[in-house]
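Subject: Structure for your review

Dear colleague,

Please find below the structure that I am handing over to you. My findings follow it.

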Amino acid sequence: MSPELLLETTKMTMPFGKYQGKLICDIPEHYLLWFAKKGLPSGKLGELMQLMLEIRINGLEYLLEPLKR
């Protein structure tokens, strides 16, 4: 888990779907789980969504708080 990727989850927005325009770090766990079952997008977006899912599953959201400011 690189600091650069963590920072990107607080800067990049979801480009489509139900949570379009929301920061990746603000996408709810249930949506990330649904997407993981259906197949995450390729590239940077999928990588950040996977990272966010791992953060949520493991209760590590506190790591993002300083980065959101």
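I begin with K44, a residue found in helix 3. Please note that the model is a predicted one. Is K44 buried, exposed or partly exposed? With a relative accessibility of 36%, K44 counts as partly exposed, because that class lies between the limits of 20% for buried and 50% for exposed. If neighbours within four places in sequence are set aside, the contacts of K44 are L5, E8 and M12. From the C-alpha atom of K44 to that of I57, which is 13 residues away along the chain, the separation is 20 Å.

R56 also belongs to helix 3. Its relative accessible area is 16%, so R56 is buried. Again without neighbours within four places in sequence, R56 touches C25, D26, I27, P28, E29, L32 and E61.

Helix 3 as a whole covers residues 43-57. How does its expected span agree with the distance between its ends? At 1.5 Å a residue, its 15 residues should span 21 Å, and the end C-alpha atoms are indeed 21 Å apart, so the two agree. The buried residues of this helix are L45, G46, L48, M49, L51, M52, L53, I55 and R56. Their cover includes helix 1 (3-9) and helix 2 (29-38). Just beyond helix 3, G59 adopts a positive phi of about 65°.

The packing of helix 2 on helix 3 comes next. The axes of these two helices are 10 Å apart, and the angle between them is about 125°. Helix 2 is therefore oblique to helix 3. The crossing of helix 2 past helix 3 is left-handed. On the helix 2 side, E29, L32, L33, F35 and A36 take part, and they meet M49, M52, L53, R56 and I57 of helix 3.

Finally, I turn to the interior. In soluble globular proteins, nonpolar side chains tend to be buried together. In this model, the largest nonpolar core comprises 18 residues, and M14, I24, I27 and M52 have the most contacts inside it. Helix 1, helix 2 and helix 3 are the elements that each contribute two or more residues to this core. Helix 3 contributes the most, with seven residues. As for I24, its contacts outside the four nearest places in sequence are T9, M12, T13, M14, L45, L48, M49 and M52.

Yours sincerely,

A colleague

Technical notes. Residues are numbered from 1 along each chain as its sequence is written. This is a predicted model: local features need pLDDT of at least 70, side-chain atom pairs count only at pLDDT 80 or more; totals for chains, interfaces and linings use all residues. Side-chain values use heavy atoms; hydrogens and water are left out. Helices (H or I, at least four residues) and strands (E, at least two) are DSSP runs, numbered from the N terminus. The expected span of a helix is 1.5 Å times one less than its number of residues. Buried means under 20% relative accessible area, exposed over 50%, partly exposed in between (1.4 Å probe, protein chains only). Contact means heavy atoms within 4.5 Å. A nonpolar core is a set of buried Ala, Val, Leu, Ile, Met, Phe, Trp, Tyr and Cys residues joined through side-chain atoms within 4.5 Å. Axes are lines fitted to C-alpha atoms, for helices over the stretch in contact, and angles run from 0 to 180 degrees between N-to-C directions. Angles under 35 degrees count as roughly parallel, over 145 as roughly antiparallel, 65 to 115 as roughly perpendicular and the rest as oblique. A crossing is left-handed if the near helix is turned anticlockwise from the far one by less than a right angle, and right-handed if clockwise.
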